[in-house]
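The following exercises practise the reading of a protein structure. Each task is followed by a solution in steps.

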Amino acid sequence: MAYLSLRNVSYTYENGYEAIQNVNADFELGESVAIIGQNGAGKTTTVKLMNKLLTPTKGEIFIDGISTKETTTAKIAKKVGYVFQNPDDQIFQDTIYKEIAFGPKYQKLDNKVVEERVNVAAEICGLTDALSEHPYNLPYSKRKFITIAAVLAMDPKVIILDEPTAGQDRESIERLGNMIKDLSEQNKTVITITHDMEFVVREFNRVIVFADKQKRRDASPMEIFWDEQLLTFSHLKQPYICQLATILGYKDVLTIEDLLERERGKNEAYNN
């Protein structure tokens, strides 16, 4: 069994709204997976079920072989960390150091280990020089990295990021991309909800599409973003590079490097 598995999972809110229907998915350690879809498609509900912020109405979720029905949210948080879309929904300490240290201290780790965890997470997230600051002294974009660091410090096997690139500049997006690669190399699973299709193309080898409360496809970025019928049904747009490639007559390009290589080859063939 995969480290994280969803089996025929559905969820209905107390007001009767059915958010997702019969979702099946497996996630192995070391994977980086993007989840895309329009607002209301079921993405956020699905990931909240993964760490028991919500409990399936139907079906079952297994983490490391154990059903979430058989354990507590606190125990699951040690294995599955969730970074909310809005950092202000998570931040509650009066210094960045305390915010990052809260989870490891709650786990009753040795003070030295807590300090090491905080310093490593802060370095990854570019916060080393701001640990004594109040979190709200930093702009919204940087507060997102505070909540990411707080989750990383708990050292979970699965990290869920909800719209991490929203409001971020180019440098911060590059930091996020490098972080995802590093975490995957550490055999951690990174699951990212995002509307940023350019980010998906650059950073992920696997993409899951949600539409109309269901998982519609689980495939590579190439397969997803050149499936015009799927994109139309799901109300999703191709990344800009695909749109440019279409104008130039290509139907299987995802990166600017690949596009330039194709054009060079075309020009060389023409000149010869």
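In what follows, Ala, Val, Leu, Ile, Met, Phe, Trp, Tyr, Cys and Pro count as nonpolar, Asp, Glu, Lys and Arg as charged, and the others, Gly among them, as polar. The model is a predicted one.

**Exercise 1. The largest pocket**

Task: Describe the lining of the largest pocket by class, and state which helix gives the most to that lining.

Solution.
Step 1. The space in the largest pocket amounts to about 510 Å³.
Step 2. Its lining consists of 21 residues, and those nearest the centre are Ala-77, Tyr-82, Gln-90, Val-151 and Met-154.
Step 3. Two or more lining residues come from each of helix 2 (73-77), strand 6 (80-83), helix 3 (96-106) and helix 5 (140-152).
Step 4. With four residues, helix 3 gives the most to the lining.
Step 5. Sorted by class, the lining holds 12 nonpolar, seven polar and two charged residues.

**Exercise 2. The sheet**

Task: Determine the order of the strands in the open sheet of four strands, and identify the edge strands.

Solution.
Step 1. Strands of a sheet pair through backbone hydrogen bonds, in either a parallel or an antiparallel manner.
Step 2. Strand 1 (residues 4-12) and strand 2 (residues 18-27) run antiparallel and are joined by six bridges. Phe-27 of strand 2 is the bridge partner of Leu-4, and Val-23 in strand 2 stands opposite Val-9.
Step 3. Strand 1 is also joined to strand 4 (residues 58-63) by five bridges, and these two strands run antiparallel. Here Lys-58 of strand 4 is the bridge partner of Ser-10.
Step 4. The order of the open sheet is 2-1-4-5, with antiparallel pairing. Strand 2 and strand 5 (66-67) are the edge strands, because each pairs on one side only.

**Exercise 3. The helix on the sheet**

Task: State which strands helix 1 touches, and how many of its residues are buried.

Solution.
Step 1. Helix 1 (residues 43-50) packs on the sheet and touches strand 1, strand 2 and strand 4. The direction of helix 1 makes about 125 degrees with that of strand 1.
Step 2. A residue counts as buried when its relative accessible area is under 20%.
Step 3. Six of the eight residues of helix 1 are buried, and the helix is thus mostly covered. The buried residues are Lys-43, Thr-45, Thr-46, Val-47, Leu-49 and Met-50.

**Exercise 4. Positive phi values**

Task: Is Lys-108 buried or exposed, and is Glu-163 buried or exposed?

Solution.
Step 1. Lys-108 is found in the loop between helix 3 and helix 4 (111-124). Its phi is positive, near 60 degrees, in a residue other than glycine.
Step 2. Glu-163 is found in the loop between strand 7 (158-162) and helix 6 (170-185). Glu-163 is not a glycine either, yet has a positive phi of about 50 degrees.
Step 3. The cut-offs are under 20% for buried and over 50% for exposed.
Step 4. Lys-108 has 74% relative accessibility and therefore counts as exposed. Glu-163 has 7% relative accessibility and therefore counts as buried.
Step 5. Two further positive phi values may be added. Lys-52, just after helix 1, has a phi of about 65 degrees. Gly-16, in the hairpin of strand 1 and strand 2 with its five residues between the strands, has a phi near 95 degrees.

Terms used: Residues are numbered from 1 along each chain as its sequence is written. This is a predicted model: local features need pLDDT of at least 70, side-chain atom pairs count only at pLDDT 80 or more; totals for chains, interfaces and linings use all residues. Side-chain values use heavy atoms; hydrogens and water are left out. On a 1 Å grid over the protein atoms alone, a cavity is a set of points where a 1.4 Å probe fits but cannot get out, and a pocket is an open set with protein on both sides within 12 Å along at least five of seven lines; lining residues have an atom within 4 Å of a point. Grid points are joined across faces, edges and corners, and a volume is the space filled by probe spheres set on the points. Buried means under 20% relative accessible area, exposed over 50%, partly exposed in between (1.4 Å probe, protein chains only). Contact means heavy atoms within 4.5 Å. Axes are lines fitted to C-alpha atoms, for helices over the stretch in contact, and angles run from 0 to 180 degrees between N-to-C directions.
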